[in-house]
Amino acid sequence: MKNKTILITGATSGIGYATALAFSKLGANLILCGRREEKLIQLSKKVKVPNTTLKFDVRDNLKVKTSINSLPLKFKKIDILINNAGNAHGLDSIDEANIDDWDAMIDSNVKGLMYVTKAVIPFMLKNKSGHIINVGSIAGKEVYPKGSVYCSSKFAVDAFTQGLRIDLLKYGIKVSAINPGLVETEFSLVRFKGDNDRAKKVYSGLKPLSAEDVAKSIIYIANTPSHVTIADMVLLSSHQANTYINIKNK
Ligand code: NDP
Ligand code: 8X3
């Protein structure tokens, strides 16, 4: 990964943060993106490789475009884009759910991922190479109760990934998706709006994936030879069979 430049969205926490550290160990140059500036600065100091930070909300298309276009010249050859930023907001049945939560999920997980992709593609076209790795979810493969809009957002990521692979084939740009099951990160804390006890319960009584487990698989996907594309990977904890069945309720 030496001399490769990796742009990672959602690098301030969880999977994005672990992925940034994993790529830094391989000597890659990093473009670290997120909204929490202090976390970006901390990570920027921690990774001992050339890096730059971009603070933007993926929902703001203008800010996404201007931030990515303003990258210093030495970071403009983007080899790999990790579209990771996203979250779930709430766990409610459709009749009871809050529309603001729906907007947050669709705007970040779907439209935000599309905005970042659209902004990065011109740099990859210039180089006639590149690799886009989208972080989907098991929730993009199966719908579970009270998760309809989060699942919709991840089904959309799955469809967008497939479409990207078709449209970018002629340019030699690879497109992959990784779809993890339960991963212990800030994800549930965000979903349950800071309710730590509720968040902890999601992961108690089983061994979930760690962010580092997902990062290792992302590195594996990124490291395949140029003639090999891992199109779609579903990654589960061995304590989870699907979104319904896990070691706690088998
Ligand atoms: P975290 O909450 O730990 O991390 C989410 C990251 O996304 C943060 O860095 C956050 O940064 C960033 N982010 C969220 N919304 C925005 C936004 N609007 N604009 C810019 N950045 C944003 O969760 P995970 O690491 O678990 O989640 C990462 C991805 O993995 C998500 O797409 C999630 O859906 C997916 N996933 C998670 C699973 C899990 O069980 N944890 C399983 C399957 C998929 P900041 O707040 O600084 O902007
Ligand atoms: C996160 C995994 O099953 O909580 O995408 O939706 S799940």
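How far does a polar side-chain atom of Tyr144 lie from an oxygen atom of ligand 2? The separation is 2.6 Å, which falls under the heading of a polar contact (a pair of N or O atoms within 3.5 Å; within protein, one must be able to donate a hydrogen and the other to accept it, and residues adjacent in sequence count only if both atoms are side-chain atoms). The model is a predicted one, in which local features need pLDDT of at least 70 and side-chain atom pairs count only at pLDDT 80 or more, while totals for chains, interfaces and linings use all residues. Residues are numbered from 1 along each chain as its sequence is written, chains are lettered from A and ligands numbered from 1 in the order in which they are written, and side-chain values use heavy atoms, with hydrogens and water left out.

We can stay with ligand 2 for a moment. Ser137, Ile138, Ala139, Tyr144, Tyr150, Phe187 and Arg191 surround ligand 2, a residue being counted as near if one of its heavy atoms lies within 4 Å. The side chain of Ser137 places an N or O atom 2.5 Å from an oxygen atom of ligand 2, and for the side chain of Tyr150 the corresponding distance to an oxygen atom of the ligand is 2.6 Å. Taken alone, ligand 2 exposes 240 Å², of which the protein buries 86%; these areas come from the Shrake-Rupley method with a 1.4 Å probe, and for residues only the protein chains shown count as cover. The shell is made up of five nonpolar residues, one polar and one charged, where Ala, Val, Leu, Ile, Met, Phe, Trp, Tyr, Cys and Pro count as nonpolar, Asp, Glu, Lys and Arg as charged, and the others, Gly among them, as polar.

Ligand 1 has 30 residues around it, and Thr12, Ser13, Arg35, Tyr150 and Thr185 come nearest. Tyr150 thus appears in the surroundings of ligand 2 and of ligand 1. A polar side-chain atom of Thr12 is found 2.7 Å from an oxygen atom of ligand 1, and one of Asp57 is 2.9 Å from a nitrogen atom of that ligand. From Gly86, a backbone N or O atom lies 3.4 Å from an oxygen atom of ligand 1. On its own ligand 1 has 880 Å² of accessible area, and the protein covers 97% of it. Helices α1 and α5 each supply at least two residues of this shell, helices here being DSSP runs (H or I, at least four residues) and strands likewise (E, at least two), numbered from the N terminus. By class, the shell holds 11 nonpolar, 13 polar and six charged residues.

Attention now turns to the interior. In the largest nonpolar core, which has 33 residues, Phe23, Leu30, Ile82, Ile178 and Ile218 touch the most other members; such a core is a set of buried Ala, Val, Leu, Ile, Met, Phe, Trp, Tyr and Cys residues joined through side-chain atoms within 4.5 Å. Elements giving two or more residues to this core include β1 (5–8), α1 (14–25), β2 (29–34) and β5 (130–135), and the largest share, seven residues, comes from α8. Leaving aside neighbours within four places in sequence, Ile82 is in contact (heavy atoms within 4.5 Å) with residues including Ile6, Phe23, Ile133 and Ile218. Another core, of 24 residues, lies apart from the largest one and has Leu7, Phe56, Val64 and Leu164 among its members.

Several individual residues complete the picture. Asp158, in helix α5 (residues 148–168), is buried at a relative accessible area of 16%, since buried means under 20%, exposed over 50% and partly exposed in between (1.4 Å probe, protein chains only). The side chain of Asp158 makes a polar contact of 3.4 Å with the side chain of Lys141. Asp213 lies in helix α8 and is partly exposed at 32%. Lys128, in the loop between α4 (99–127) and β5, is exposed with a relative accessible area of 66% and has a phi near 50 degrees, a positive value in a residue other than glycine. Lys146, in the loop between β5 and α5, also has a positive phi, of about 70 degrees. Gln240 sits in the segment after β9 and counts as buried at 10% relative accessibility; the side chain of Gln240 reaches the backbone oxygen of Asn242 at 3.3 Å.
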